[in-house]
Amino acid sequence: MSFLQQAEQSPDTERMFDIDTKAMGYLPNFTRLFAHNPAVYVAWQQLNGAVKAGMELRRYELATLAAARALKSSYCGLAHGKVLRDKFFDAPTVAAIASDHGSAGLSAQEVAVVNFAGKVAADANSVTEADVAGLRGHGLDDADIFGVILAVGARCFFSTVLSAAGAEPDPQYNESLDVDLRQALSFGG
């Protein structure tokens with residue numbers, strides 16, 4: 001599951017496990033990992049929920065997938081690629097977005113968001129005023145742009161924690177995603 005030993009059971013971990021098992025239909029490896037600090041997990045859920053509530057789900061998922069790719073997070077790539085497949089695109093389109101989003105049939109605005117999100121995740125210090133102006137030119141206002149930044153920042157936290165702890169993607173992705181899509185969404189970590 002990860003490089004870390006299983007956390008000791010407590011009422012807080014039992015609650016976490018029950019809630020996530022009911023929501024996902026299984027107990028995700030990331031939940032087991034965060035059992036080492038349930039308070040951080042609850043804070044993460046609140047933060048991520050607030051970030052998602054402030055933007056369109058499709059944009060959030062595209063920005064998140066771009067961040068997962070830049071961070072080489074297979075776990076997050078698989079999870080968010082699955083959401084994109086389930087809610088917005090067919091499997092070949094999601095695979096194309098994961099490998100070459102510029103030719104995957106996204107709108108010009110979505111391509112700009114994915115480019116920006118990838119840049120923020122890879123090297124936030126390289127973002128310039130011109131990058132922000134480019135998003136404005138594609139119809140995003142400052143609140144929209146800040147939403148993308150927040151989505152990427154939140155993904156950087158979560159992906160980094162999972163990767164550094166060696167959390168393996170849940171085996172359920174082998175059942176729910178075809179082999180070509182799994183390969184496209186497996187970014188290396």
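Student: In which loop is K72 found?
Tutor: This is a predicted model. Helix 4 covers 57–71 and helix 5 covers 74–87. K72 is found in the loop between helix 4 and helix 5.

Student: Is K72 buried or exposed?
Tutor: The relative accessibility of K72 is 52%. Exposed means over 50%. So K72 counts as exposed.

Student: What is the phi of K72?
Tutor: K72 is not a glycine. Its phi is positive all the same. The value is about 60 degrees.

Student: Which residues does S159 touch, not counting residues up to four places away in sequence?
Tutor: S159 has its place in helix 9, residues 142–164. It is buried, with a relative accessible area of 1%. Beyond four places in sequence, S159 touches L71, S73 and C76.

Student: At what angle do helix 5 and helix 9 pack?
Tutor: Two packed helices are described by the angle between their axes and the distance between the axes. For helix 5 and helix 9, the axes lie 9 Å apart. The angle is about 125 degrees.

Student: What does that angle make helix 5 relative to helix 9?
Tutor: Roughly perpendicular ends at 115 degrees, and roughly antiparallel needs over 145. The angle here is about 125 degrees. That makes helix 5, relative to helix 9, oblique.

Student: Which residues of helix 9 make the contact with helix 5?
Tutor: Helix 5 brings Y75, C76 and H80. By class, the contact divides into four nonpolar, two polar and one charged residue. On the helix 9 side, the residues are R155, F158, S159 and L162.

Student: Which residues have the most contacts inside the largest nonpolar core?
Tutor: The largest nonpolar core has 59 residues. L162, in the contact of helix 5 with helix 9, is one of those with the most contacts inside the core. The full set is V148, V152, L162 and L185.

Student: Which residues is L185 in contact with, leaving aside its neighbours within four places in sequence?
Tutor: L185 is among the residues with the most contacts inside the largest nonpolar core. Its neighbours within four places are left aside. L185 is then in contact with L65, S74, G77, L78, G81, K82, V94, A98 and L177.

Student: At what angle do the axes of helix 4 and helix 6 cross?
Tutor: Helix 6 covers residues 91–100. The two axes come within 10 Å. They cross at roughly 50 degrees.

Student: Is the crossing of helix 4 and helix 6 left-handed or right-handed?
Tutor: The angle makes helix 4 oblique to helix 6. As helix 4 passes helix 6, the crossing is right-handed.

Student: Which residues of helix 6 make the contact with helix 4?
Tutor: Helix 4 supplies L62, L65 and R69. The contact has four nonpolar, one polar and two charged residues. From helix 6 come I97, A98, S99 and D100.

Student: How far apart are the C-alpha atoms of M55 and D144?
Tutor: M55 has its place in the loop between helix 3 (38–53) and helix 4. With a relative accessible area of 13%, M55 is buried. M55 and D144 are 89 residues apart along the chain. Their C-alpha atoms are separated by 7.0 Å.

Student: Which residues does M55 touch, not counting residues up to four places away in sequence?
Tutor: V148 is one of them, and V148 is among the residues with the most contacts inside the largest nonpolar core. In full, M55 touches Y60, G147, V148 and A151.

Student: Is K52 buried, partly exposed or exposed?
Tutor: K52 has its place in helix 3. Buried means under 20% and exposed over 50%. The relative accessible area of K52 is 35%, so K52 is partly exposed.

Student: What separates the C-alpha atoms of K52 and V148?
Tutor: Leaving aside neighbours within four places, K52 is in contact with L57 and Y60. K52 and V148 are 96 residues apart along the chain. Their C-alpha atoms are separated by 9.7 Å.

Student: How do helix 7 and helix 8 run, roughly parallel or roughly antiparallel?
Tutor: The axes of helix 7 (residues 108–123) and helix 8 (residues 129–137) come within 10 Å. They cross at roughly 155 degrees. Over 145 counts as roughly antiparallel. That makes helix 7, relative to helix 8, roughly antiparallel.

Student: Which residues in helix 8 meet helix 7?
Tutor: Helix 7 uses A112, V113, F116 and K119. The contact residues divide into five nonpolar, no polar and two charged. In helix 8 they meet D131, V132 and L135.

Notes
Residues are numbered from 1 along each chain as its sequence is written. This is a predicted model: local features need pLDDT of at least 70, side-chain atom pairs count only at pLDDT 80 or more; totals for chains, interfaces and linings use all residues. Side-chain values use heavy atoms; hydrogens and water are left out. Axes are lines fitted to C-alpha atoms, for helices over the stretch in contact, and angles run from 0 to 180 degrees between N-to-C directions. Helices (H or I, at least four residues) and strands (E, at least two) are DSSP runs, numbered from the N terminus. Angles under 35 degrees count as roughly parallel, over 145 as roughly antiparallel, 65 to 115 as roughly perpendicular and the rest as oblique. Contact means heavy atoms within 4.5 Å. Ala, Val, Leu, Ile, Met, Phe, Trp, Tyr, Cys and Pro count as nonpolar, Asp, Glu, Lys and Arg as charged, and the others, Gly among them, as polar. A nonpolar core is a set of buried Ala, Val, Leu, Ile, Met, Phe, Trp, Tyr and Cys residues joined through side-chain atoms within 4.5 Å. Buried means under 20% relative accessible area, exposed over 50%, partly exposed in between (1.4 Å probe, protein chains only). A crossing is left-handed if the near helix is turned anticlockwise from the far one by less than a right angle, and right-handed if clockwise.
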